[in-house]
Amino acid sequence: MKTIISAGRIMLIVLASLLAFTSCSKDEEPGIRDYDLIGQWISDVRNNTRIYTFGGDFRGYYNDSSGRWSDLTYTISELGHIHIKFFNSATKEFEEEYDWTYSVSDNTLWLNGTSFTRKKDSTPVDTVVSARRQ
């Protein structure tokens, strides 16, 4: 009888653990992916072109018309909030980081209040970034 009670307790603990695990929302986990964000985004405001490239591995690139290139990493703490860290592309040293809001609707990304348009052609993003960096 003692074995049945112990096995029953173990079963209750396992079930409670599974319930706790499955009840966590995906939005509560740091570093979740927003697949709509992945891709290359371009903003051209007052002759200042800015391009963000977000990869599925939480890394990407930033470049602008002034010639600045940065590697970046990003995490999404909850949908609608993104944390971006910028690194010098040549030295890989940390430069700066920001916590911003974002939203994606069709082919428009709003990043910290600025509108970006998704790159429309079918050229792979890695090819475009590599070509522009050379």
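Contact here means heavy atoms within 4.5 Å. The model is predicted.

Start with the overall fold. Eight strands form a closed barrel. Their order is β1-β2-β3-β4-β5-β6-β7-β8, and the pairing is antiparallel. Direction ignored, neighbouring strands of this sheet are turned by 35° against each other on average.

Tyrosine 52 is a good place to apply the contact cut-off. Leaving out residues up to four places away in sequence, tyrosine 52 touches Gly39, Gln40, Trp41, Tyr61, Tyr62, Leu72, Ile84, Phe86, Trp100, Leu111 and Phe116. Tyr52 also belongs to the largest nonpolar core, which has 18 residues. Within that core, the members that touch the most others are Leu37, Tyr52, Phe54, Tyr74, Ile82, Ile84 and Leu111. Several strands feed this core: β2 (48-54), β4, β5 (81-88), β6 (94-105) and β7 (108-111) each supply at least two residues.

Now follow the chain from β3 to β5. Strand β3 covers residues 59-64, and strand β4 covers residues 69-78. The two run antiparallel and are joined by five bridges. Arginine 59 stands opposite threonine 73 of β4. Tyrosine 61, one of the contacts of tyrosine 52, stands opposite aspartate 71 of β4. The β3 and β4 hairpin has four residues between its strands. There, glycine 67 takes a positive phi near 100°.

The next pair is β4 and β5. These strands also run antiparallel, with eight bridges between them. Glutamate 78 has histidine 81 in β5 as its bridge partner. In this hairpin, two residues lie between the strands. Glycine 80 takes a positive phi near 105° there.

Finally, go back to β1, which spans residues 39-45 and holds serine 43. Is serine 43 buried or exposed? Its relative accessibility is 2%, so serine 43 counts as buried; the cut-off for buried is under 20%. What does the side chain of serine 43 have in reach? One of its polar atoms lies 3.1 Å from the backbone oxygen of serine 115. Serine 115 is also among the residues that serine 43 touches. The others are Asn48, Thr49, Arg50, Thr114 and Phe116, again not counting residues up to four places away in sequence. Phe116 appears in the contacts of tyrosine 52 as well.

Notes:
Residues numbered from 1 in each chain as written. Predicted model: local features only at pLDDT ≥ 70, side-chain atom pairs only at ≥ 80, totals over all residues. Heavy atoms only, no water. Buried < 20%, exposed > 50% of the residue type's maximum accessible area, 1.4 Å probe, protein only. Polar contact = N/O pair within 3.5 Å; in protein donor to acceptor, adjacent residues only side chain to side chain. Pairing = 2+ DSSP bridges. Axes fitted to C-alpha atoms, helices over the stretch in contact; angles between N-to-C directions. Core = buried A, V, L, I, M, F, W, Y, C linked by side-chain atoms within 4.5 Å.
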